[in-house]
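Subject: The structure for you to look at

Hello,

Here is the structure I promised to pass on. Have a look at it first, and then read my notes underneath.

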Amino acid sequence: MRYEPEEKLIEKVQSGEFGWKEYIIHHSRELSQEYEQYCHRKGLDPSLEESAIAFMEMKNTLLDEALETGNA
């Protein structure tokens, strides 16, 4: 698997070329594995865009919390 820079991935999501599922797959092995584990824990289907959206919302919430507490 060839991973792409985050800037390119964000551009592809914003243009509609990629959904969040593709973003995760093309981002890094670590993010893909974290996504698979998240789906397993939550009982979600990792092949669905809705699952990827829920995962990215969770990641954004964690980032926001870390920024607010000075841990990011």
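Below is what I found, starting with the overall picture and then going on to the core, the charged pairs and the surface.

**Overall picture**

Please keep in mind that this is a predicted model. The mean pLDDT of the protein chain is 94, and 99% of its residues reach 70 or more. Confidence is highest in α3, with a mean of 97, and lowest in α4, where the mean is 93.

The fold has four helices and zero strands, so the pattern along the sequence reads α-α-α-α by the helix and strand assignment used here. The C-alpha trace spans about 35 × 30 × 20 Å along its principal axes. Of the 72 residues, 28% count as buried. If you take the contacts with a separation of 6 or more, 36% of them come from residues 24 or more positions apart.

**The core**

The largest nonpolar core has 12 residues, and you may like to colour them in your viewer: L9, V13, F18, Y23, I24, L31, Y35, Y38, C39, A52, F55 and M56. The elements that give two or more residues to this core are α1 (6-15), α2 (20-27), α3 (29-42) and α4 (49-69). The largest share comes from α3, with four residues. As a general point, nonpolar side chains tend to be buried together in soluble globular proteins.

One core residue to click on is C39: leaving aside residues up to four places away in sequence, C39 touches L44, P46 and S51.

**Charged pairs**

How many salt bridges are there? The count comes to three. In general, side chains of opposite charge can pair when their charged atoms come close.

Two of the pairs share K12. With E4, K12 forms a salt bridge in which the closest N and O atoms are 3.0 Å apart. K12 also meets the side chain of E17 in a salt bridge, at 4.0 Å from N to O. E4, K12 and E17 are therefore linked in a network of salt bridges, given that a salt bridge is counted within 4 Å.

Are the members of this network buried or exposed? K12 and E4 are both buried. For K12 the relative accessibility is 18%, so K12 counts as buried, since the cut-off for buried is under 20%. E17 has a relative accessible area of 54% and is therefore exposed, because exposed means over 50%.

The other pair is K59 with E34, whose closest N and O atoms are 2.9 Å apart. This pair links distant parts of the chain: K59 sits in helix α4 and E34 in helix α3, 25 residues apart. Both partners are partly exposed, K59 at 27% relative accessibility and E34 with a relative accessible area of 30%.

**The surface**

The accessible surface of the protein chain comes to about 5200 Å², and 50% of that belongs to carbon and sulfur atoms. On the surface, M1, Y3 and I25 form a nonpolar patch with about 310 Å² of accessible area together. M1 lies in the segment before α1, and its relative accessibility of 64% is why M1 counts as exposed.

Happy to go through any of this with you at the screen.

Best wishes

How values were computed:
Residues numbered from 1 in each chain as written. Predicted model: local features only at pLDDT ≥ 70, side-chain atom pairs only at ≥ 80, totals over all residues. Heavy atoms only, no water. Core = buried A, V, L, I, M, F, W, Y, C linked by side-chain atoms within 4.5 Å. Buried < 20%, exposed > 50% of the residue type's maximum accessible area, 1.4 Å probe, protein only. Contact = heavy atoms within 4.5 Å. pLDDT = per-residue confidence, 0-100. Patch = residues over 30% accessible without salt bridge, like charges linked within 9 Å, V, L, I, M, F, W, Y side chains within 5 Å. Areas by Shrake-Rupley, 256 points an atom, 1.4 Å probe, with all protein chains shown as cover.
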